[in-house]
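Trainee: Before we discuss this protein, could you show me its sequence and structure?

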Amino acid sequence: MANVRPYHASFTTDVEYHQYECDTCGKTAANTYMEPARSQMLERQLCWHCNYWREFEVRLEKDHSHMTIIDGHVYGPGSRTSGPMRGMAGRRFDIEYISPSVHAGKRITTFDLWSGSNLPDDLAAKYPDTARFLGGAEKVEMEGDIKRCWNPSDRQGEPYPLPSKLDLR
Ligand SMILES: [Zn+2]
């Protein structure tokens, strides 16, 4: 902890912040974040970004085989079928789970798909995809203002069961 020094925040606060060099990427970091990130960052001597992925790896270690990872991207398939605030504007996505998912071979349809993060390369190599899109659904990377968008499944047939039928995390 030799290089940890007080960090004087530009806002009024009773909290004592610290500044140090990130143990992983070497950037100067200050732990001006809400708990639990504030304590984790200081204990681990990590910047916000490196601490975020360290935490995410804890989740992957525990839940990887129950998660929805397609092309290195983490998703949260919801089970709501009505209402205005659904993921991906309520469009339909058919998903099939693949090995090493515990649900390999099972298919679901979600009308409430939430997009998480792209895994960094080292985590993507360690924690492979657990699912794939069906029916023409895909993520499209683009240049310009809109960096990324998704095309829904074009399948018109009977939907597969909702994600709530599986133990997804
Ligand atoms: Zn870092």
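Trainee: Of the 169 residues of the protein, what percentage count as buried?

Mentor: This is a predicted model, in which local features need pLDDT of at least 70 and side-chain atom pairs count only at pLDDT 80 or more, while totals for chains, interfaces and linings use all residues. Residues are numbered from 1 along each chain as its sequence is written. A residue is called buried if 20 or more other C-beta atoms, placed from the backbone, lie within 10 Å of its own (exposed if 12 or fewer, partly exposed in between). Of the 169 residues of the protein, the share that counts as buried is 22%.

Trainee: What radius of gyration does the protein have?

Mentor: The radius is taken over C-alpha atoms, and the globule rule is 2.2 Å times the number of residues to the power 0.38. For a compact globule of 169 residues the radius would be near 15 Å, but the protein has 20 Å.

Trainee: How far apart do the C-alpha centres of domain 1 and domain 2 lie?

Mentor: The protein is divided into domain 1 (5–61) and domain 2 (67–165), with bounds that come from an automatic or database domain assignment. The distance between their C-alpha centres is 31 Å.

Trainee: Which residue in strand 3 stands opposite Glu 21?

Mentor: Strands are DSSP runs (E, at least two residues) numbered from the N terminus, and two of them pair if DSSP finds at least two bridges between them. Strand 2 (residues 17–21) pairs with strand 3 in the antiparallel sense over three bridges. Opposite Glu 21, in strand 3, stands Thr 28.

Definitions and conventions: Helices (H or I, at least four residues) and strands (E, at least two) are DSSP runs, numbered from the N terminus.
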